[in-house]
Amino acid sequence: MLFRSNSTAVEKKVEPGLVDITSTLRYQSETAEGTGMILSASGLVLTNNHVIDGATTVTAYLAVNSRQRYRARVVGYNATDDVALLQLVGAAGLTTVRFGDSAQVTLGTPVLALGNAQGRGGVTPVKGIINALNRSIQASDDGSGTTEYLNHMLQTDAGIQQGDSGGALANNAGQVI
């Protein structure tokens with residue numbers, strides 16, 4: 001598969017705008033791991049709702065500096081679209097992700113998926129291509145026992161793993177699509 005630009009360069013553009021998320025769940029204090037994308041320098045973070053669903057506490061670690069830890073407050077969520085917005089308490093001067101135009105994505109577009117694969121911390125990049133547009137899917141979350149119906153999705157063959165939820169799918173320019 002041809003990735004027109006260096007995947008390492010794309011990773012270096014996107015990684016500073018990502019956080020690893022750990023949610024402590026109300027059930028026996030179990031934890032769930034995911035990823036989030038920093039939207040503002042003051043710490044607004046976009047992630048998947050199922051990453052924080054049922055959490056009693058949420059903590060975020062900068063992907064490029066795992067020692068930098070923030071308590072996260074849930075600002076809002078939409079379970080139907082599986083999105084959640086967090087505020088990192090006390091955050092300032094953070095690097096944000098840049099967004100591209102997903103309407104311009106075509107079949108065969110090379111992409112790089114970046115997330116906290118298997119909750120190991122940091123970013124694991126995985127190359128892929130867009131192999132379907134405007135997909136509707138039924139997504140289940142074993143941890144919360146919920147099922148969501150998501151529409152207008154891009155499909156990739158990149159090997160997404162648990163913990164990647166809420167992470168970035170980037171184009172050759174290092175923009176999240």
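Two residues are in contact when they have heavy atoms within 4.5 Å of each other. With that in hand, welcome to this predicted model. Its strands include 6 that close into a barrel with antiparallel pairing, and by the cavity rule the count comes to 1 cavity of 30 Å³ or more. A buried valine, Val97, makes a good starting point for a tour.

**Valine 97 and its surroundings**

- Valine 97 sits in the loop that runs between strand S6 (83-88) and strand S7 (110-115).
- Buried means under 20% relative accessible area, so valine 97, at 7% relative accessibility, counts as buried.
- Setting aside neighbours within four places in sequence, valine 97 is in contact with Val14, Gly17, Leu18, Met37, Ile38 and Val176.
- Of these partners, Leu18 belongs to strand S1 (residues 18-25), while Met37 and Ile38 belong to strand S2 (residues 31-38).
- The C-alpha atom of valine 97 is separated by 7.2 Å from that of glutamine 175, although the two residues are 78 apart along the chain.

**The barrel**

- The barrel order is S1-S2-S3-S6-S5-S4, and the pairing is antiparallel.
- From one strand to the next, the twist averages 40°.
- Strands of a sheet pair through backbone hydrogen bonds, in either a parallel or an antiparallel sense.
- S1 and S2 are joined in the antiparallel sense over 7 bridges, with serine 23 standing opposite alanine 32 in S2.
- S2 and S3 also run antiparallel, joined by 2 bridges.
- The S2 and S3 hairpin has 5 residues between the strands, and in this hairpin glycine 43 takes a positive phi near 100°.

**Strand S3 up close**

- In a regular strand the side chains alternate between the two faces of the sheet.
- Strand S3 (residues 44-47) shows this alternation: Val45 and Thr47 point to one face and are buried, whereas Leu44 and Leu46 point to the other face and are not buried.
- Leucine 46 is the bridge partner in S3 of methionine 37, and leucine 46 also stands opposite leucine 85 in S6.
- The pairing of S3 with S6 is antiparallel and extends over 4 bridges.
- Methionine 37 thus links two parts of this briefing: it is the bridge partner of leucine 46, and it is among the contacts of valine 97.

**Positive phi outside glycine**

- Glutamine 118 has a positive phi near 60°, in a residue other than glycine.
- Glutamine 118 lies in the loop between S7 and strand S8 (124-141), and its 44% relative accessibility makes it count as partly exposed.
- Asparagine 134 likewise has a positive phi, here near 55°, and is a residue other than glycine.
- Asparagine 134 is located in strand S8; exposed means over 50% relative accessible area, so at 54% asparagine 134 counts as exposed.

**The cavity**

- The largest cavity holds about 30 Å³ of space.
- Its lining is made up of Ala113, Ala117, Thr124, Val126, Gly159, Ile160, Gln161 and Asp164.
- By residue class, the lining of the largest cavity divides into 4 nonpolar, 3 polar and 1 charged.

Definitions and conventions:
Residues numbered from 1 in each chain as written. Predicted model: local features only at pLDDT ≥ 70, side-chain atom pairs only at ≥ 80, totals over all residues. Heavy atoms only, no water. 1 Å grid on protein atoms, 1.4 Å probe; cavity = no way out; pocket = protein on both sides within 12 Å on 5 of 7 lines; lining within 4 Å. Points joined across faces, edges and corners; volume = space filled by probe spheres on them. Nonpolar A, V, L, I, M, F, W, Y, C, P; charged D, E, K, R; others polar. Buried < 20%, exposed > 50% of the residue type's maximum accessible area, 1.4 Å probe, protein only. Pairing = 2+ DSSP bridges. Axes fitted to C-alpha atoms, helices over the stretch in contact; angles between N-to-C directions.
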